[in-house]
Amino acid sequence: MKKNLLSLCLSLSLMAAVPAGVNAAQNDASIAPVISAQTLHNLSWTPLVPPVTQDVTLSTSGVQINQGDIQGAVGAFALPADRGSLEITLTSIATGKTVYAPNVLVLDEQMRPAAYYPSSYFPYEKPGIVSSDRLEGTLKLTPALGQKQIYLLVYTTKQDLAETTQMTNPAKAYAAGVGNAVPDIPDPVARHTPSGMLSIKVRAEQKSGNIMIGQALSFNSAEDAPAAAPVVVGQSPAARAAAPAAPAKPAEPLLSDSETYFNDAIKKAVKAGDVDKALKLLDEAERLGSKTARKTFIESVKH
């Protein structure tokens with residue numbers, strides 16, 4: 001029990017550096033894709049050891065998944081979970097007037113869904129001097145302690161295949177880049193396809209990432225561990241057309257009396273062995289702007 005609590009303290013210490021924006025990520029398991037365990041275990045997972053940049057061709061003759069909304073070629077990658085936080089830049093390169101719209105499902109060491117990045121997380125980027133039209137996004141992940149590796153599954157969906165991406169005419173991009181007048185010419189539209197070209201760049205860093213992957217506590221077996229709902233990053237397909245929400249206003253610091261109330265309650269819960277209650281109190285206190293609740297929890301567990 002003491003070992004488990006110390007592991008949790010270490011995990012919480014890592015999470016203290018996580019930006020506040022991560023708390024806005026939706027915990028909606030209904031949006032995450034449903035893929036059978038057998039399908040996941042049958043995939044050939046390509047290892048990516050940071051620092052690394054790898055180009056990947058997803059072809060219709062290669063590995064595919066056709067389950068539920070998932071349709072077409074997929075990329076399956078295994079990353080080390082014992083090298084600190086991981087920063088992963090995923091680029092889907094447009095070829096001609098076609099592009100692969102990527103979604104990413106992150107799985108922990110036991111291949112349980114831990115985070116979900118829909119295709120809306122990978123917006124269109126204009127071509128540059130050394131880059132072409134592309135869809136691109138960066139994932140920042142922190143594997144929980146005790147894991148050896150985590151997994152990334154890249155795929156596209158039936159809904160993505162029914163959509164297109166508005167690109168920028170290369171002549172417009174060039175004119176804007178050199179400071180000339182931008183010509184009034186039409187922009188091309190890229191059709192989404194079940195295959196495409198990806199580039200994946202992975203680097204490890206000591207700073208904590210945005211999303212914690214895997215369970216912080218140790219269990220006797222994988223079956224004993226509770227299945228956490230996947231974190232959904234970015235907009236769900238139904239919300240893509242909605243106006244962007246206003247940025248959340250930072251919480252005001254708690255009044256001294258409120259800080260004392262939460263800290264005392266956290267200490268009592270830990271002393272009584274009710275860690276779940278202590279964690280709920282910690283979450284509520286930090287949501288309200290507490291600056292001392294996390295330190296109080298960690299110190300209470302250590303003692």
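These legends walk through four close-up views of a predicted model.

**View 1. Strand 12 and its two neighbours.** Strand 12 covers residues 189-192, and its two faces have different surroundings: Ala190 and His192 are on the covered face, while Val189 and Arg191 are on the uncovered one. This fits a simple pattern, as side chains in a regular strand alternate between the two faces of the sheet. Strand 5 (residues 98-99) runs parallel to strand 12 and is joined to it by 2 bridges; here Thr98 has Arg191 as its bridge partner. Strand 11 (residues 164-166) runs antiparallel to strand 12, with 3 bridges between them. Look there for Gln166, whose bridge partner is Val189.

**View 2. Helix 6 from start to end.** Helix 6 takes in residues 275-287, and its end C-alpha atoms lie 18 Å apart, in agreement with the 18 Å expected for 13 residues at 1.5 Å a residue. Its buried residues are Val275, Ala278, Leu281, Leu282 and Ala285. These cover an arc of only 120° around the axis, so they sit on the same side of helix 6. Turn to the other side and you will find Asp276, Lys280, Asp283 and Arg287 exposed. At the start of the helix, a side-chain oxygen of Asp274 comes to within 3.2 Å of the backbone nitrogen of Lys277. Just after the helix, Gly289 adopts a positive phi of about 105°.

**View 3. Glu87 and its charged partners.** Side chains of opposite charge can pair when their charged atoms come close. Glu87 meets Lys140 in a salt bridge, at 3.7 Å from N to O. Glu87 belongs to strand 4 (residues 85-93) and Lys140 to strand 9 (residues 134-143), so this pair ties together parts that are 53 residues apart in sequence. Glu87 also meets Arg203 in a salt bridge, at 3.1 Å from N to O. Because Arg203 lies in strand 13 (residues 196-205) and Glu87 in strand 4, this pair links parts that are 116 residues apart in sequence. Glu87 is buried, with a relative accessible area of 15%, whereas Lys140 is partly exposed at 33% and Arg203 is partly exposed at 35%.

**View 4. Lys172 and Asp187.** Here a salt bridge joins Lys172 and Asp187, whose closest N and O atoms are 3.4 Å apart. Lys172 is in helix 4 (residues 170-178) and Asp187 is in the loop between helix 4 and strand 12, so the pair ties together parts that are 15 residues apart in sequence. Lys172 is buried, with a relative accessible area of 17%, while Asp187 counts as partly exposed at 28%.

Methods. Residues are numbered from 1 along each chain as its sequence is written. This is a predicted model: local features need pLDDT of at least 70, side-chain atom pairs count only at pLDDT 80 or more; totals for chains, interfaces and linings use all residues. Side-chain values use heavy atoms; hydrogens and water are left out. Buried means under 20% relative accessible area, exposed over 50%, partly exposed in between (1.4 Å probe, protein chains only). Helices (H or I, at least four residues) and strands (E, at least two) are DSSP runs, numbered from the N terminus. Two strands pair if DSSP finds at least two bridges between them. The expected span of a helix is 1.5 Å times one less than its number of residues. The arc is that of the directions from the helix axis to the C-beta atoms. A polar contact is a pair of N or O atoms within 3.5 Å; within protein, one must be able to donate a hydrogen and the other to accept it, and residues adjacent in sequence count only if both atoms are side-chain atoms. A salt bridge is a side-chain nitrogen of Lys or Arg within 4 Å of a carboxyl oxygen of Asp or Glu.
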